[in-house]
Amino acid sequence: MPFINTIFKHEDRESAQDRVDSLSKNLKEPSTSSNSKSNTALLQRSAETLQGSTADGLSAIEELKSTMESIAAAAEESSGAAEESLGATNQIKVSSSAILKMSTKSAQGIKKLEESILKASTKITESSENMLRIAKSAEHVGEVGERLSIAGEEISQTVNLITKLAKRTSLLALNAAIEATRAEEKGKSFSVMAKEIRALSSKSNSYAQEIKTVVKDIQSNVKSVQETIVNTKNSVEIASVNASDNADLMKQLIETLMKIVDEVNKSLEEFHVLDEEIIKMQLSSETIASAAEESAGAVSEVTQTVSMQATAFHQSNAAAQMLEDLAKKVEVNSSDETIVSDLASAAEELSSAIEEIENSMAQSMIALNQIEEAAEISKEDAQRNSDIAMSANSITQRVQKTIADVNSEIEKIQENFKHNVASIAQAGKDSKENLADSEKILNQAKEIKKSIKYLKKILRKIELTIVQTAALSINGSVEAMRVGELGEGFSVVSNDIRNLAENSEQSLDQINDIVDNLEDETESIIEALDKMQVLGIKEAESLIGLANDMDESSTEVTNSVETFEEIERQLEEIETALTQSKIASEQTVTAADLSFSNAKESKIAAEHIQNISQTMAENVSELIEVAALLKDD
């Protein structure tokens, strides 16, 4: 370095005290040409020494200026990097805090959603079970309908038998009329009975035809019931299977949501660690900013003192010029009082300048030590920040992956949830349609019940005609016995009619049994359909309400998707900010190294300036001695 050339390069010269002693001796001796030359040489050497010192000092000052400019630039860069790092850290802090709040809120929302889905799953399972009950009721209705259909066939067959018996009774009544004609006057009563029997037979036949019509209506309604109930049963069974599948899917959703909550909780734990790291970064960044500010203040102080030192060295150089002039005057007239006065003045000016240099250099050394200390602090904290940024970035990347996976799962849940809501809403709609079908079946069953009641009335009428026919046949037998031989044919006919009546009564009993059973079966259909109605209404209302509740819950899913998308965005900002913070920390480390090395060079220059000032102080002491000797002389 150019300023390391110290003034001790004049080692071959005598010491300042030797020069003072020599000058004193010369001044005490009588003035001679030799003494004058010696005095002049001493003053010239002092002037040269001072000029060399001031030149060397000014060179060191320039070098100090240069290093301080580098330190100032490094301090400015460090301050800018610290400010950028602090800004990035604050941004990370804001984003991290926002993510913590969003994650906590989202975890609570997901937990709430999990509870909602669990309730929905329980309701759907209940609905599925109720639907199976409805399906079993429908199956029961179908089985009863089948029995009703068979019963209708049996009634028709029995009615056909009654019709045949009625026709045969009518023929026998005709035979009875013929027998009555043959009996002439004694057969008049037979003729009347035969006529009544034919009338009763006609009624029976008419009632039988009416029964056929009623049975036909019953069979038609039964067939309609069977067709509708089969569709209802199939529809309800499908709905039950769908509901069961939905319940299973919801259980899967719950498992997924539980995993998501666990993942979010893990992320929260990671974020708490990240938050702690960010607080460390924030403190370090504030320390760096404070150190940069302190360094900048120290640089400003050194720069000001350097300016004062430059002025002091210029004053010293002017004083050295004065010494040269004095040396010439001493050579001419060493006893001139003006010379002594000027010499004292030059010594005083030099002393003042040197004192200014020494004082300012002491301040500069303190400031340079502060710069070194600030650089070490900045470097240490910046390196720590860089390490934290790397660690925090690893945490951020892990959390990013977790959140990305969570968001992917949430989006799948959103799609499945929408499907479930639509499926449940459709199930509610289907339940309403099933209700309409079961209402239709119920009305048809009630119509069957009415038809059966009407059928029983007709059967009672047929029963009455059979009883009356049987009674007439008995009367006919009695009259035949009273008439004697002429009534034998009528007696045979009466017996045949009575037998037919008994057969008809037996057939009627069979029909009554079938109709009674038919009535019971119809009542069981109505009861089953009533239960289906109650369960159907309950399930329809439950499913529609559940669909509405889940539709509202879907908002929570949508909010979760949006929240995690926002968390992903905030994480990207954190990652960017961490990268900026790491770059800023590396810049701070570089600037700190530069400040530290320049501060060291500046201290070397400052120490050199201090050495120069000490040498100049010795020169001043010499001048003061010379001035004192000249004055005494």
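**Note on the predicted model: confidence, cores and a surface patch**

1. Over residues 1-17, pLDDT (the predictor's confidence in each residue, from 0 to 100) remains under 50; the model nevertheless has 28 contacts (heavy atoms within 4.5 Å) beyond four places in sequence for this stretch. Residues 22-32 also stay under 50, with 18 such contacts. Where pLDDT is low, the predicted coordinates should not be read in detail.

2. The average pLDDT of the protein is 79, and 91% of the residues score at least 70. Residues are numbered from 1 along each chain as its sequence is written. In this predicted model, local features need pLDDT of at least 70, side-chain atom pairs count only at pLDDT 80 or more, and totals for chains, interfaces and linings use all residues, while side-chain values use heavy atoms, with hydrogens and water left out.

3. The largest nonpolar core (buried Ala, Val, Leu, Ile, Met, Phe, Trp, Tyr and Cys residues joined through side-chain atoms within 4.5 Å; buried means under 20% relative accessible area, with a 1.4 Å probe and protein chains only) contains 95 residues. Two or more residues each come from α2 (33-182), α3 (188-332), α4 (337-483) and α5 (488-632); helices are DSSP runs of H or I, at least four residues, numbered from the N terminus. Helix α3 gives the largest share, 25 residues.

4. I155, I211, L455 and L529 have the most contacts inside this core. Apart from neighbours within four places in sequence, I211 touches I155, V159, L455, I458, L459 and I462.

5. A second, separate core has 42 residues, among them V299, A312, A327 and I609.

Note on methods. Buried < 20%, exposed > 50% of the residue type's maximum accessible area, 1.4 Å probe, protein only.
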